[in-house]
Amino acid sequence: MSKEYLKMVFVLTLIAMVCGFLLSAVKTFTYEKIEEQILVNVKGPALKYVLSQATNNPINDRMEIDIDGVIHTVFIGKKKDQLVAVAFESDGAGFGGKIGIMIGIDINRSILSGIGILSHQETPGLGSRITGSSFTEKFKGRAITDIFKVKKDNGAIDAISGATNSSRGVCLAVEKGVGFYARLKTEILKKFEKRSDKK
């Protein structure tokens, strides 16, 4: 190998290392800001809808719960310092990929206070109609003991015409979220009480 060739390899390696370091540094410095923007601008509107009865700021009053080594964020909805509802993220497989939702639960009445679609890859103009209030409103007020399936699957939810798989994906996310809540309810209440006692 010639000296010129080795020199070129060394220079290219050095450039690649510097670029990798710079990209890593940029990611580290911007990560928190990006997460904060997602929290406020993407999750914020969904939280406002699913925790509409709350008078506090659920983003500020969120708490983290560790389940089997996985950290889950639970948003707290309070009214006159009393816990009235909780919200958290869930997901299900739609036609085009994963559908991410925010699900709100009224803890006193054990009903859904609403759902909001956070992310999806469904077909524009067809499956993407899962984001519309005409579809998401079908979940609001339903008991958490309901079976969240589309009518084609012996459930009570009217699927969007031509977008059954997208509708199924949302139902799956809701079903998963309700199961998550049943598992976490005691832990959420304990953590909330402990936090309230400190104030």
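Why is strand 4 largely enclosed by the rest of the structure? In strand 4, 8 of the 9 residues are buried, so the strand is largely enclosed; buried means under 20% relative accessible area, with exposed over 50% and partly exposed in between, for a 1.4 Å probe and protein chains only. Strands (E, at least two residues) and helices (H or I, at least four) are DSSP runs numbered from the N terminus.

Before going on, I should say that this is a predicted model, in which local features need pLDDT of at least 70 and side-chain atom pairs count only at pLDDT 80 or more, while totals for chains, interfaces and linings use all residues. Residues are numbered from 1 along each chain as its sequence is written, and side-chain values use heavy atoms, leaving out hydrogens and water.

On one side of the pairing, strand 3 and strand 4 are antiparallel over 9 bridges, where two strands pair if DSSP finds at least two bridges between them, and Glu89 stands opposite Met102 in strand 4. Strand 4 is also joined to strand 5 by 7 bridges, again antiparallel, with Ile105 opposite Leu112 in strand 5.

Turning to the largest nonpolar core, a set of buried Ala, Val, Leu, Ile, Met, Phe, Trp, Tyr and Cys residues joined through side-chain atoms within 4.5 Å, we find 35 residues, of which Val86, Ile103, Leu112, Phe139, Val170 and Val174 touch the most other members. Helix 3 gives this core its largest share, 10 residues. Beyond its neighbours within four places in sequence, Val174 has contacts (heavy atoms within 4.5 Å) that include Ile103, Leu112 and Phe139.
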